[in-house]
Every structure is written in structure tokens, then in C-alpha cells.
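Student: I would like a close look at one part of this chain, the nonpolar core. Please set it against the rest of the chain as you go.

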Amino acid sequence: MPRLCLLAALALRLAGAALLSPGSCTFEDSACGYQWDYAHLPWTLHGEGHYISVDTSYEGEKAVLSSPDLYSEEWSCVRLIYQIAATSGTSPDPARLNLYLRQEGESFDRLLWSAKEPSDSWLIASLDLTNSTKKYKLVLEGEMGQDKSTSIAVFEIKITSGYCIECDFEENHLCGYVNRWNPNVNWFVGGGNIRNSQSILPKDHTLNSALGHYMYVDSVYVKHFQEVAQLISPRTTAPVSGCLSFYYQLKLESSIVFTVYLRDMSGFYEEIWKTDSALNADWALAEVDFSAPYPMEVIFEVAFNSAKGGYVALDDISFSPVYCSNQTGAPFNPANAGCNFEEDLCNFYQDHKDGPGWSRVKVKRNVYRAGDHTTGFGYYLLANTKFTSQPGYIGRLYGPTLPGNLQFCLSFYYALYGFFKMSGTLAVYIFEENHVVQEKIWSVLDSPKGVWTQAEISFKKPMPCKVVFVSWCKSFWDCGLVALDDVSLSLGSCQAADLLLPTPGECTFEKDECVFTQKRGRGSWHRKRGPTPTSYTGPKGDHTTGVGYYMYIEASNMVYGQRAYLVSRSLRGTSGKQCLTFFYHMYGAGTGLLSVYLKKEGEDEEIPLWRRTGEQSISWLRGLIEYESDTNYQIIFEAIRGVSIRSDTAIDDILFQAGPCLEVEEIQFSSGYPDSLNEIEY
Ligand SMILES: [Ca+2]
Ligand SMILES: [Ca+2]
Ligand SMILES: [Ca+2]
């Protein structure tokens with residue numbers, strides 16, 4: 001059994017024998033109301049060593065520890081001091097320590113953080129918790145992996161009000177701030193009751209006394225030109241924007257550059273502040289507007305040019321969710337720059353200068369015409385129909401004005417129809433506000449016809465700008481039909497969004513089957529991308545992106561009346577309604593049945609929640625189910641093969657949310673015949 005770093009853990013306690021806030025624990029005399037789940041491995045409390053660890057002398061896969069009920073109506077920061085100790089090096093299936101947020105009324109826990117790197121000493125993790133009126137628990141999960149000699153220990157959990165990037169440097173964990181080691185220049189802790197020769201200031205800022213602490217970096221050991229010391233904050237784990245402030249002192253003997261950067265997970269630096277005064281003999285306040293829509297670190301960087309540079313000291317980093325100058329007004333809300341076209345054009349508009357442009361249309365559900373992307377029953381935009389287009393016409397759809405100097409990710413769905421050439425069919429331009437400068441940032445390539453395909457574009461412009469969707473009908477033979485739906489805008493680059501932790505309760509089937517497994521010994525569901533092998537049945541692409549994965553039953557491999565079950569793992573029962581959303585595809589003359597059942601733990605009955613029989617649409621349709629279960633339960637998707645091989649039934653984009661459902665499912669029974677809604681000529 002590897003030795004845990006007990007000395008370091010003991011040293012950590014010197015600072016904090018004070019009264020602990022609810023949910024905090026140092027694991028000295030008790031586990032402070034934290035309880036383990038008896039269905040899994042036990043945790044062992046080591047009162048002597050002041051830690052709790054997963055007991056590896058038992059056989060098992062994981063150990064679960066959950067906090068008492070907690071409330072935090074204000075933002076708070078969870079700091080976790082832990083160690084994963086392994087005897088061997090890297091393992092293909094290493095032990096992990098995971099931290100989940102279990103919110104009242106939710107069937108799924110939200111993963112806040114996960115670590116798997118073994119270390120020789122304790123480490124600190126800092127996690128922002130957003131304010132909420134709901135009760136919650138923190139759930140620690142130690143997963144043992146393959147190497148059974150690994151041990152996982154937790155020395156302390158501490159919940160403090162405020163944001164994790166805030167720090168007064170009075171506690172020796174330094175709020176998770178770390179110095180990036182450099183042989184010559186580094187940030188050190190200064191001040192404190194044991195005066196050491198390296199402390200350079202008489203008083204810190206927090207306590208205004210010799211007992212207080214601060215961070216500093218001194219040029220004495222600088223050997224080279226442009227040596228840099230970096231102090232790195234904990235990474236934000238929830239989207240924040242507002243005013244970052246800190247106090248600093250700067251003594252300058254030759255040139256020093258003191259800069260504050262934001263660094264994202266791809267390593268991209270953005271400068272947000274630079275010292276402008278040559279000298280601050282006393283503590284000076286700096287304030288800087290700060291926006292971290294996705295995980296970011298704040299980096300305090302000092303660059304020296306010689307050993308006679310001087311020093312920089314730093315203290316009392318704090319954060320307020322209101323912008324510093326307060327002149328920026330209400331922060332920009334990217335949700336106002338998206339549209340699903342269900343009600344109207346939202347904040348989009350057309351100028352009708354060059355023709356009728358884009359039409360907002362709806363197709364009544366039938367098997368000949370594809371529906372929209374949002375629900376399969378709704379509205380979308382269509383350009384270049386036989387009725388509206390004439391050669392030379394250009395449809396321009398303008399979005400609302402977006403602020404400059406922000407990184408955006410634009411996402412939308414498009415579908416192409418007909419046999420025409422597609423060269424001018426759809427392009428995205430950025431117009432600067434005065435419409436003088438325009439730039440094409442995207443144009444359609446040849447993609448499969450009749451499939452809603454997602455496009456994602458990252459952009460950042462110095463000036464306020466608009467997104468413009470342009471469809472050009474070049475000539476009779478080059479005037480492709482294009483549909484547009486579900487435009488959305490988010491802050492940050494599209495790649496950064498991929499780095500976010502997964503949404504709990506969401507399954508797109510892109511990586512795996514999520515919480516679902518097959519019930520053995522019956523017909524089976526297959527995970528697939530692209531069209532199914534049989535023509536006139538099954539989807540041409542998935543619902544998530546058009547080119548991703550979905551689950552389906554392959555009718556050719558099954559006989560009439562054969563069933564396939566896809567069963568969720570046991571989900572947590574809650575009081576109150578739950579809302580289950582999913583997309584289903586039932587196209588093919590021989591289509592059978594698709595049903596959804598609720599099975600409560602300890603009961604044999606499978607309660608039917610939802611059913612569709614026979615061919616429904618050539619499109620993906622949205623299913624909505626509201627249900628309740630206060631005991632643990634499973635959700636079952638059951639497909640029954642119909643009379644012919646044209647019976648492929650598919651599902652995609654399953655989402656479990658705390659209910660009630662905000663909408664009701666639109667139930668229209670297919671007539672199979674075009675009516676007035678279908679007078680759109682492709
Ligand atoms: Ca201080
Ligand atoms: Ca729509
Ligand atoms: Ca998918």
C-alpha cells in the first residue's frame with residue numbers, strides 16, 4: 001500500500017481549526033455527516049491521519065460518499081484536498097476520483113470534476129458552485145480502476161462563499177493558486193508571523209499587518225533577459241463574468257512588465273490588464289472586466305529584464321458579478337441571437353431589397369416532405385423555392401447586432417433539396433455594423449440531400465457586427481433549395497464548448513450508448529451513423545449533427561413481431577415530475593411499434609408511457625414524456641419489428657430533465673396526403 005502524504009496533510013490543518021461551514025470536513029473526529037453508500041465499497045475514516053480513504057481490502061469497483069443536504073443561495077467554492085496514490089505507473093484503466101452535484105428533483109448527478117493523475121503528495125481542486133434555491137448534496141466517488149493497489153484519500157472538503165478565483169492568501173492552500181516553477185524567478189508567499197528574510201513588505205493588504213500574507217516575485221535571481229514568473233489561478237468551472245479586482249505593489253528599478261492574462265483550455269492567452277503606472281509604493285487597486293464563459297485560468301505574469309528589476313507584490317484578489325465600470329450596461333445575452341423559427345423570426349430580419357428571400361414555412365407531417373429540425377412538426381426557413389426565386393435574386397437574413405471583441409460560436413442546421421447545383425445556395429457573412437465591411441466566413445459544400453446537417457463556426461471581430469445568412473439564386477440551373485433552422489450563438493469558440501463536461505441526462509449516442517444497455521436474448525438495437533442499409537426506411541443521418549450516431553433496429557435481421565429492448569441503468573427516484581425528451585424516426589411502409597416504459601425498482605410491472613404505431617414521417621420527430629417516480633426506476637425503449645423489412649425504427653438525442661415539460665407534444669395523425677400546409681414546391 002503506497003504511503004499517503006500525511007505530513008503535508010497535517011501541515012495543512014494548522015490554519016483551519018476554526019468553525020467549519022456546512023458540507024466542510026477535515027475528517028478528524030468524524031465524517032461530518034458525510035455518508036457512504038452501502039451498495040458499494042466502504043470508506044475508512046483515519047482519525048489519526050485526518051483523512052478518509054477508499055478501503056481497498058474489499059472487492060469492488062467504486063466507493064460513494066455523499067454530503068448532508070446543503071443550500072447555497074450565493075455562489076460558493078468547493079475546495080477539495082485529495083491524493084490518488086499508485087504503486088505502478090500509468091494504467092490503461094486508472095483509479096479516479098469524481099465529484100458530482102446531486103440537486104434535489106434531478107434523476108441525474110452533474111459531474112463537476114474528475115481526476116485520475118496519481119501523485120506523491122496532496123493536491124487541491126477548486127470548483128465553483130453557482131447560486132441555486134435548490135437543496136443539493138456533494139457526492140464523492142472513488143473509482144478503483146484496474147490497479148487494486150491504488151489508494152484514494154480525501155483530506156479535506158471546504159465550502160466557502162464567493163468565487164474560487166478569489167484569494168487573500170491567508171491560508172496555506174493559497175486557494176489553489178500555483179506558481180509555475182522557473183529556475184530563477186518565482187512567486188513566493190510573503191509576510192506571516194514567522195518573519196523570514198524573503199518577506200519584503202512591512203504589511204499585507206488583507207490584515208494591514210505584519211501577520212498577514214501576500215504573494216510576491218522578486219528580481220534578485222534573474223539571470224536572463226525577459227525572465228517571466230507566472231502565478232496561475234484555479235480554473236473556473238462555471239461560466240462567470242464581471243469585475244476582477246486585486247491589490248498590487250510594484251517597486252521598479254529597471255523595467256518590469258506586470259500583465260494579467262486569461263488562458264483557455266487550448267492554451268490561448270488573452271491579455272486583460274497591464275500595469276500602467278511606473279511605481280506603486282503602497283497597495284494600489286486594479287480592476288478589470290472579466291468574462292469566462294468556459295473554463296479559464298487567470299495568470300498574473302511578471303517579466304523582468306535584469307536582476308535589478310525590483311519586485312511585484314499581490315494580495316486580495318476578488319470578483320464581483322457586475323462589470324467594473326458599470327458602463328457596459330446589461331451583459332450581452334447570446335440567447336437573443338438565436339432562433340428556432342417556431343413563433344417568428346426572433347431578432348432576425350430581411351431587407352427584401354433583392355427579392356422575397358427567405359420564407360418561414362411549415363410542413364404538415366407526412367412521409368413525403370421533411371419537417372423542421374426543432375421538433376419535426378415546426379417551422380423553418382426556406383430559400384429559393386420554385387415560387388419565390390428568380391435568377392439573380394439574393395435572400396439575406398440579418399441577425400441582431402453582436403458586440404465586438406468577443407469570441408463566438410455560431411451553430412445552425414441546414415438542409416439541401418433538389419437536383420440543382422448548390423454553389424451559391426448558402427453562405428454566412430459577417431457584416432460590420434455600417435454594412436461597409438463584409439466577410440464570408442462559411443459556405444456550403446456538397447452535402448447529402450434532405451438531411452438536417454449542423455454547421456459550427458467560431459469567429460471574433462474587433463467591431464460590433466451581424467451574422468448574415470445569404471442564399472443566392474445564380475441562374476435557373478444554379479439555384480439550389482436550402483432550408484435553415486435552430487440557429488444558436490454561444491460565447492467562446494466552438495472547440496471550447498467541446499471541452500465542457502457533458503450535460504447530465506443527455507445522450508446523443510455520439511460516443512457510446514450512455515446509460516442504456518441491451519436486454520439480452522432478443523432482437524437488438526444497433527448504434528449507427530449514415531443511412532440504414534435498406535432503402536425507403538430508416539433515417540439518412542442522425543438528429544444531433546446529421547453526420548453522427550443514432551440507435552436503430554435493423555428490420556432485415558429480425559422477424560415480424562420481434563422485440564428489441566434498450567434499458568437505462570437504475571435512475572434516482574425524485575419527488576416531482578420529470579421530463580423525458582427524445583427524437584424518433586419511424587419511416588418505412590412496414591414500420592412496427594415504438595414504446596417507452598417506466599419500470600420502478602422492486603416492481604415487475606412495466607408502465608407504458610408512450611407509444612407510436614406504424615409509419616410516422618420521413619423526418620426525426622420529437623417525443624415528450626412527463627412521468628413521476630419517487631423510487632429508483634428504469635426507462636425502457638422497446639421497438640417491435642413490423643410486417644416488412646421496411647421497418648427500421650431509430651432513436652436519438654435523449655434528454656432527461658427535472659420537469660414538468662415546458663411544452664406538450666404536438667400530436668398530429670398523419671393523413672399521408674398533402675394539404676394546404678404543403679404547398680411548398682421544391
Ligand atoms: Ca493577504
Ligand atoms: Ca424550427
Ligand atoms: Ca446522435
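Tutor: What follows goes from the chain as a whole to the core, and then to a loop residue and a sheet. The model is predicted, and every value below is computed from it.

The chain has 682 residues, of which 40% are buried. Its secondary structure consists of 41 strands and two helices. Contacts reach far along the sequence: among those between residues at least 6 apart, 80% join residues at least 24 apart.

In soluble globular proteins, nonpolar side chains tend to be buried together. Here the largest nonpolar core has 83 residues. Tyr82, Val154, Val312 and Leu314 are the members with the most contacts inside this core. Strand β5, residues 76–85, supplies the largest share, seven residues. Where does the core lie with respect to domain 1 and domain 2? Domain 1 covers 6–161 and domain 2 covers 174–320; both give residues to the core, so it lies between them.

Leu314 can be followed further. Apart from neighbours within four places in sequence, Leu314 is in contact with Tyr214, Met215, Leu231, Phe246, Tyr248 and Phe300. There is also a second, separate core of 82 residues, with Ala337, Cys507, Ala555 and Ile640 among them.

Next comes Trp75, which is found in the loop between β4 (62–66) and β5. Is Trp75 buried or partly exposed? Trp75 has 19 C-beta neighbours inside 10 Å, and a residue needs 20 or more to count as buried, so Trp75 is classed as partly exposed. Leaving aside neighbours within four places in sequence, the contacts of Trp75 are Asp128, Leu129, Thr130, Asn131, Gly162 and Tyr163. One of these, Thr130, is 55 residues away along the chain, yet the C-alpha atoms of Trp75 and Thr130 are separated by 4.9 Å.

Last is an open sheet of five strands, in the order β22-β23-β30-β25-β28, with antiparallel pairing. The edges are β22 (358–362) and β28 (453–460); each has a single partner strand, so one side of each is left without a neighbour in the sheet. From one strand to the next, the twist averages 35°. The partner of β22 is strand β23, residues 379–383, and the two pair in the antiparallel sense over five bridges. In this pairing Trp358 stands opposite Ala383 in β23.

Technical notes: Residues numbered from 1 in each chain as written. Chains lettered and ligands numbered in written order. Predicted model: local features only at pLDDT ≥ 70, side-chain atom pairs only at ≥ 80, totals over all residues. Pairing = 2+ DSSP bridges. Helix = DSSP H or I, 4+ residues; strand = E, 2+ residues; numbered from the N terminus. Axes fitted to C-alpha atoms, helices over the stretch in contact; angles between N-to-C directions. Core = buried A, V, L, I, M, F, W, Y, C linked by C-beta atoms within 7 Å. Buried ≥ 20, exposed ≤ 12 C-beta atoms within 10 Å, placed from the backbone. Domains from an automatic or database assignment. Contact = placed C-beta atoms within 7 Å.
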